[in-house]
Amino acid sequence: MILDSLVDVLTKNALITAFAFVGILVWFSYELSARLTRGHIHGSAIAIALGLVLAYVGGSITEGKQGLADFSLLAGVGVMGGAMFRDFAIVATAFGAELEALKRAGFVGAASVLIGVVLSFVVGAVVAVSFGYTDPVAISTIGAGAATYIVGPVTGTALGADSGVIALSVAAGLTKSVLVMIGTPFVAPRIGLNSPHAALIYGGLMGTTSGVAGGLAATDPKLVPYGAMTATFYTGVGCLLAPSVLFLAVRAIV
Amino acid sequence: MVIYGVALLSFCMLVGVFVGDILGDLIGVQANVGGVGIAMLLLIILSNLSHHKFQIGSATENGIHFWSAMYIPIVVAMAAKQNVIAAISSGWMAIVAGVAAVAVSFAMLPLLDRIHIGEKDDS
């Protein structure tokens, strides 16, 4: 009976439960970081990686699409980690960012978004072709998915791709976002991701808002606003280019 | 007052997302074009204004700093609600496409970042 009312309280106050849960998860991750890696791997990187592992576990137990949030006890995690709070917190990180750094990287930042979209699309399209796809609609949809998991389905729907191909494009985008989240802190020193300028370009090249947000948070939280700023333009540019210019290019070549 | 900061933040986000939606409609894509980016720009411009008419007090700042500090926990929650299973179990092609796109994009960063060094030398 005590257990029942506990579950009842936790479920009714889902968002508050999520705050407590994530707090414990973050604390645990920082302990791991300090004790096992002596701070070499940042606590937030471990917390994000643990979050992904838990999402995997949650997904395999509940067979839902929302990771841990599919447990009714932890439904609040879905609200807390949803687009509304994510975007709100991202906007907040811009407070105190340097206007100067933005101005200096203005042109390269904008160029990086264009280059990023085209680059990912081409890579995705080449992979699709090498796996035996010959239909320009399917190739474009998978290429668009390699941009982000939103560009993929938007492009696929616009071009009339079948749902299997659209699902593949979402999976390609998800893989990208997960990999960017985990990989960024490790690659950062090697590719010179250590300044607002580099972060602006990085956000434009990668484009996956969640990947960039997580990856930069684990690398250096000070860089978050710069990367997030350009990344938010990426999906829009992708949805603009992929079903139009890029699709026409694919059709002309194939 | 703390709520002023939170409200200012909300105002920036709502305006940004609204403009982003309209941009998307104008261009004719079913997506929000840079809404969050526009919101961030708005907040940066407002916070860099040091007008006597528009001063952000320290309590107001706290309302914004709180949400800025909540950013990493929110990202952790976001990670915990990803559809990781779908990413892993959908077969090799999707994974190869995702991994290749990331690898190529990472490799591109040092090349583009160098453009900045060129500008710096000139000035």
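How are H5(A) and H3(B) oriented to each other? H5(A) and H3(B) are oblique to each other. The model described here is predicted. Chain A is divided into domain 1 (2-81) and domain 2 (99-253), while the secondary structure of chain B comes to six helices and zero strands. The points below take the chains, the contact between them, several helix pairs and a few single residues in turn.

**Domains of chain A**

- Domain 1 of chain A and domain 2 of chain A have C-alpha centres that lie 27 Å apart.
- Six residues from domain 1 of chain A and seven residues from domain 2 of chain A take part in the contact between these domains.
- On the side of domain 1 of chain A that touches domain 2 of chain A, four residues are nonpolar, two are polar and none is charged.

**Chain B overall**

- Along the sequence, chain B follows the pattern α-α-α-α-α-α.
- Chain B has 123 residues, and 45% of them count as buried.
- Among the contacts in chain B with a separation of 6 or more, 53% are between residues 24 or more positions apart.

**Contact between chain A and chain B**

- The contact involves 92 residues from chain A and 62 residues from chain B.
- Helix H10 (residues 163-191) of chain A supplies 16 residues, the largest share of the side of chain A that touches chain B.
- That side of chain A divides by class into 63 nonpolar, 25 polar and four charged residues.

**H5(A) with H3(B)**

- Helix H5 (residues 83-93) of chain A packs against helix H3 (residues 58-69) of chain B at an angle of about 120 degrees, and their axes are 7 Å apart.
- An angle of 65 to 115 degrees would count as roughly perpendicular and one over 145 as roughly antiparallel, and the pair H5(A) and H3(B) is therefore oblique.
- The crossing of H5(A) past H3(B) is left-handed.
- From H5(A) the contact uses A:Phe88, A:Ala89, A:Ala92 and A:Thr93, and from H3(B) it uses B:Ile64, B:Trp67 and B:Ser68.
- Five nonpolar, two polar and no charged residues make up the contact of H5(A) with H3(B).

**H3(A) with H4(B)**

- The axes of H3(A) and helix H4 (residues 71-80) of chain B come within 7 Å and cross at roughly 25 degrees.
- H3(A) is therefore roughly parallel to H4(B).
- H3(A) passes H4(B) in a crossing that is right-handed.
- On H3(A), the contact is made by A:Ser44, A:Ala47, A:Ile48, A:Gly51, A:Leu52, A:Leu54 and A:Ala55, and on H4(B) by B:Ile72, B:Val75, B:Val76, B:Ala79 and B:Ala80.
- Ten nonpolar, two polar and no charged residues form the contact of H3(A) with H4(B).

**H2(A) with H3(A)**

- Within chain A, the axes of helix H2 (residues 14-36) and helix H3 (residues 43-62) come within 8 Å and cross at roughly 125 degrees.
- H2(A) and H3(A) are therefore oblique to each other, and their crossing is right-handed.
- A:Leu25, A:Val26, A:Ser29, A:Tyr30, A:Leu32 and A:Ser33 in H2(A) meet residues in H3(A), namely A:Gly43, A:Ile46, A:Ala47, A:Leu50 and A:Gly51.
- Seven of the residues in the contact of H2(A) with H3(A) are nonpolar, four are polar and none is charged.
- A:Ala47 and A:Gly51 are among the H3(A) residues that meet H2(A), and A:Ala47 and A:Gly51 also belong to the contact of H3(A) with H4(B).

**Helix H11 of chain A**

- Eleven of the eleven residues of helix H11 (residues 196-206) of chain A are buried, so H11(A) is largely enclosed by the rest of the structure.
- The buried residues of H11(A) include A:His197, A:Tyr202, A:Leu205 and A:Met206.
- A:Gly207 follows H11(A) and has a positive phi, near 80 degrees.

**Single residues**

- B:Met108 is placed in helix H6 (residues 92-122) of chain B.
- B:Met108 has 20 other C-beta atoms within 10 Å and is therefore buried.
- Not counting residues up to four places away in sequence, B:Met108 touches A:Ile115, A:Leu119 and A:Leu205.
- One of these partners, A:Leu205, is itself among the buried residues of H11(A).
- B:Met108 and B:Phe66 are 42 residues apart along the chain, and their C-alpha atoms are separated by 35 Å.
- A:Glu63 lies in the loop between H3 and helix H4 (75-80) of chain A.
- Most residues other than glycine have a negative phi.
- A:Glu63 is not a glycine, yet its phi is positive, about 60 degrees.
- A:Glu63 counts as exposed because it has 9 C-beta neighbours inside 10 Å.

Key: Residues numbered from 1 in each chain as written. Chains lettered and ligands numbered in written order. Predicted model: local features only at pLDDT ≥ 70, side-chain atom pairs only at ≥ 80, totals over all residues. Axes fitted to C-alpha atoms, helices over the stretch in contact; angles between N-to-C directions. Helix = DSSP H or I, 4+ residues; strand = E, 2+ residues; numbered from the N terminus. Parallel < 35°, antiparallel > 145°, perpendicular 65-115°, else oblique. Left-handed = near helix turned anticlockwise from the far one by under 90°. Contact = placed C-beta atoms within 7 Å. Nonpolar A, V, L, I, M, F, W, Y, C, P; charged D, E, K, R; others polar. Domains from an automatic or database assignment. Buried ≥ 20, exposed ≤ 12 C-beta atoms within 10 Å, placed from the backbone.
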